[in-house]
Amino acid sequence: MSAIRIVAIGFLLSSSTFALAQGTAGTPGSPAATITIPGNQLPPPPQQFGGKIERDATQSSPYWPSRIVPPKGAPNVLLIITDDAGYGVPSTFGGVIPTPALDRVAQNGLRFTNFHSTALCSPTRAALITGRNHHSVGYGVVAEQATGYPGYDSVITKDKATIGRILTDNGYRTAWFGKNHNTPEYQSSQAGPFDQWPTGMGFEYFYGFMGGDTNQWQPGNLVRNTTPIYPYEGKPGWNLMTAMADDAIDYVNRMNALSPDTPFFVKFAPGATHAPHHPTPEWVKKISDMHLFDQGWNKLRDTIFENQKRLGVIPQNAKLTPWPKDLIKEWDQLSADEKKLFIRQAEVFAAYAAYADNEIGRVIQSIEDMGKLDNTLIIYIEGDNGTSAEGQPNGTPNEVAMFNQINPSVEDQLKYFYDVWGTDRTYNHMSIGWAWAFDTPFSWTKQIVSHFGGTRQGMAISWPAAIKDKGGIRSQFHHVIDVVPTILEAAQIKQPDIVDGIKQSPIEGVSMMYTFDQKNADAPSTHKTQYFEMFADRALYNDGWIASTKVLRPPWVTIAKLPSPQDYPWEFYDLRNDWTQAEDVAAKYPDKLKELQAMFWKEAEKYQVLPLDSSVAARLVTPRPSLSAARTKFSWTRPITGTPNGDAPSILNSSYTFKAEVDIPQGGAEGMLVTQGGRFGGYGLYVLNSKPVFTWNLVDLKRVRWEGSGLTPGKHVIEFDFKYDGLGAATMVFGNYSGIGQGGTGTLKVDGNAVATEKMEHTLPFILQWDEAFDIGYDTGTPVDDNDYQTPFAFTGKIDKISLDIDRPKLSPEDVKRLQEAARAAGDGPSADPGKTASVTPQVGAVGVSLVEKIQLRIDKREGCRKQAEAQGLGIVDRIKFVQQCVQQ
């Protein structure tokens, strides 16, 4: 017997033994053979060749590697998570907004009434796909606020493989639709790297948008896999909610046609109901005709609370937490104009929620139509955090304006935006009163982890083949980190020990599958302890008790001077007898409170929560890695589109010069040269009817425009030079925001000659429209001025070169000294003096007040200033300027 044949027989024996150990189906080595791997190592080691190799193929035997398949009976998985929707939003959990798809899942399975998120988008979603706490995977905050600490850097490290990767390597077909808020902002461009994109994290297919939210009518950050796409161009009425449902339905049907025996895993994550609220007109009419909100937010809260008790999704002895009269007006205190506007805002929000649920229902129905609903595990989580109160007291027609500290009055919103609310002419958000009501029966909202209004999510799970207690209710405490272990147990797949040669950290959640059995309906929760932290607000849950810090910054206040996180006062709740955190029992159980406080610090050290940081807006402009980091000079020689904000050069709070060297053909030219942002905040340098134009769009409330004369055919240099008047973002190190958002003077030049000069009284301090890109030679998304052009507005001349020089302000020693002295004098915020700690009760004059009261005083002062501006009959931009100056006095 030849040596070759002996080796071949050895391979055959060892391979057969290996195959039998793993669960091979079919004849080993045949084209139809499959294998279920042990899953401890991903990808699995190469399968050994078990055939026979001679010198002549006619005397040899082929042997195919077995195709990897999941364990027999492994279910399809449809994981649904919506956005910014609190416990009281859906009808399934007592809300007035119809959500028949969620109702269907609950009626066919179980409702979970004690399920929790992290209170913010990126963190919840990172925990959802990894089974680890959000700080453990680098998402202590949203990606756009990442800082250089392991718990906050927005990087999911390689020792924490996602559920997509685990299931893919075990033979599932995997896809992700909708929102992806788990790629570092500075890795979202076409330069990659792509390992932190969905396809790089193990999902085989991705169709969705990159970032926290998007315009549902013209999503400028939409991609397929890793390629930007613009399917809405030339299609009025196109909406992403329907488009992504269509794509998901097409995907599951394609997988079923190609490989009907292979289970699929689909993550379906709509942008709804995060701002902007963009339902179709049909859904707005459906909801408006129901008149759900005519009686206001206080009555709505009472109605939801009654519904919740009737449905059994809160205990009969649960208490409705009090309305925050010191922070939000009661409905009866509002003017007729306020009521009119706010009702419209709520109707559009509700239409968006109902519309999204309808599209989710279409996806579920498509699975039933394939005959696969019985063995499909559906996990439907309504909201990745509580309802958002980021819309400010009046709501806003433009969320980008809110993040730049600009909030139009009710009068202006009624006059300019009421009739187009929710259309592509708004990037809208609703008043904080609705957010609080939609988190009934709890207090607080999104961003707040210490109180359940920010973290309690309604969740329903169905799996007809396994869950027989249809319509059952489960009240065990669980957390978003428990979803991955639940899916793995259902699929009979273990967490891998090694992935790509890297030892994996343990999954930190626990499976919820024990609750699927009716005999365990009232079993104690297996999730005993859970920490919570967001922007230094924090809590520690332990076996029916929760220690919570007092809320010192309302979520709609993005700039506030706060005490040291270590000085936050604590509250304490006995959840065994107080489902809603209605009664603070800290004084009654001081020793138990201290025990949980000590547990929090241990958990914080264990899960990368430290250092605590209470800042919000300041983190938006924190320096972080980027393709443009530390660069001041840029140049481009050909069109390029789709560079996201995180990698684009930032000209905010700086002096800068754009220079475009172009060739104008005979007959003239037009088109975009360079732009960033769009309809809701941004700038553009372009040629319109052969005239050079530079436009600054100040969050759709004002446009400052520079325009020159017509360009003759031939080569020209078009230049826009801006001189900034402020000290820049560096002042924020001292808790001082005076350096940002200041004005400056812009000059448009052609061939070295000034053709237009304009003074800007104010600039945008924090952020441009985030779902739009930085583009050269073309404009994706929306235009910076709809009156001038419509996208894509490609430049019809020739670009030889476009360059950008940025001159960022630098603080002088005198500036630093003055800022330090001012910070020390303020006494209640960052001071660049490490020895100084703020008091828990900052002083206002001679009167000691709590920080929340101090914030309210500032809100009241702003409101008074706004009324003064209105009395003077000032225009909207002049009013904004007046109010900003008035508040500082």
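Contact here means heavy atoms within 4.5 Å. I note at the top that I am working on a predicted model.

**Domains**

I started with the division of the chain. The assignment gives me domain 1 (76–607), domain 2 (626–813) and domain 3 (857–888). I looked up how domain 1 and domain 2 meet: 31 residues of domain 1 are in contact with 29 residues of domain 2. Their C-alpha centres come out 36 Å apart.

**Strand E12 and its partners**

Next I went to strand E12 (376–382). How many of its residues are buried? Seven of its seven, so I put E12 down as mostly covered. I kept in mind that in a regular strand the side chains alternate between the two faces of the sheet. In E12, one side holds Thr376, Ile378, Tyr380 and Glu382, the other holds Leu377, Ile379 and Ile381, and both sets are buried.

Which strands pair with E12? On one count I get strand E5 (residues 76–81), running parallel to E12 over six bridges. I also get E13, which pairs with E12 in the antiparallel sense over five bridges. Ile378 is a handy place to see both pairings: Leu78 stands opposite Ile378, and in E13 the bridge partner of Ile378 is Ser462.

**Helix H2**

I then checked helix H2 (residues 100–107), where Ala101, Leu102, Asp103, Val105 and Ala106 are buried. I had to remind myself that an α-helix has 3.6 residues a turn, so residues three or four places apart point the same way. What covers the buried residues of H2? The cover includes E6, helix H8 (336–369), E12 and strand E13 (456–462). So E12 turns up again, this time as part of the cover over H2.

**Ser117**

I found Ser117 in the loop between strand E6 (110–116) and helix H3 (121–130). Buried or exposed? Ser117 has 1% relative accessibility, so I count this serine as buried, the cut-off being under 20%.

I listed what its side chain does. One polar contact goes to the side chain of Gln457, at 2.9 Å. The side chain of Ser117 also reaches the backbone oxygen of Asp384, at 3.3 Å. Skipping neighbours within four places in sequence, I have Ser117 in contact with Thr124, Asp384, Asn385, Gly454, Thr455, Gln457, His479 and Phe532.

**Aromatic rings**

I ran through the ring pairs, and the whole structure has 50 aromatic pairs. I took Phe658 and Tyr683 as one case: their ring centres are 5.5 Å apart with the planes at 40°, so I logged the pair as tilted. Phe658 belongs to strand E24 (residues 655–664) and Tyr683 to strand E26 (residues 681–688), so this pair ties together parts 25 residues apart in sequence. Phe658 is buried at 0% relative accessible area, and Tyr683 is buried too, at 0% relative accessibility.

How is the pair of Tyr789 and Phe793 arranged? I get stacked, with 4.3 Å centre to centre and 15° between the planes. Tyr789 and Phe793 are both buried.

I also wrote down a cluster: ring pairs link Phe293, Trp297, Trp323, Trp331, Phe342, Phe349, Trp434 and Phe438.

**Arg456 over two rings**

Which rings does the charged end of Arg456 sit over? One is the ring of Phe452, with 4.4 Å to its centre. Another is the ring of Trp579, with 5.0 Å to its centre.

**The sheet E1-E2-E4**

Back toward the N terminus, I looked at an open sheet of three strands in the order E1-E2-E4, with mixed pairing. The edges are strand E1 (24–25) and strand E4 (67–68), each of which pairs on one side only. I checked strand E2 (residues 34–35) against E4 and got a parallel pairing over two bridges. In that pairing Thr34 has Arg67 of E4 as its bridge partner.

**Leu562**

My last stop was Leu562, in the loop between strand E20 (545–549) and strand E21 (570–574). Leu562 has a relative accessible area of 10%, so I count this leucine as buried. How far is Leu562 from Ser615 in sequence and in space? I get 53 residues along the sequence, and 8.6 Å from C-alpha to C-alpha.

Note on methods: Residues are numbered from 1 along each chain as its sequence is written. This is a predicted model: local features need pLDDT of at least 70, side-chain atom pairs count only at pLDDT 80 or more; totals for chains, interfaces and linings use all residues. Side-chain values use heavy atoms; hydrogens and water are left out. Two strands pair if DSSP finds at least two bridges between them. Helices (H or I, at least four residues) and strands (E, at least two) are DSSP runs, numbered from the N terminus. Buried means under 20% relative accessible area, exposed over 50%, partly exposed in between (1.4 Å probe, protein chains only). A polar contact is a pair of N or O atoms within 3.5 Å; within protein, one must be able to donate a hydrogen and the other to accept it, and residues adjacent in sequence count only if both atoms are side-chain atoms. Rings of Phe, Tyr and Trp (its six-membered ring) pair if their centres lie within 6.5 Å; planes under 30 degrees apart count as stacked, over 60 as edge-to-face and the rest as tilted. A charge sits over a ring if NZ of Lys or CZ of Arg is within 6 Å of the ring centre and within 35 degrees of the ring normal. Domain bounds come from an automatic or database domain assignment.
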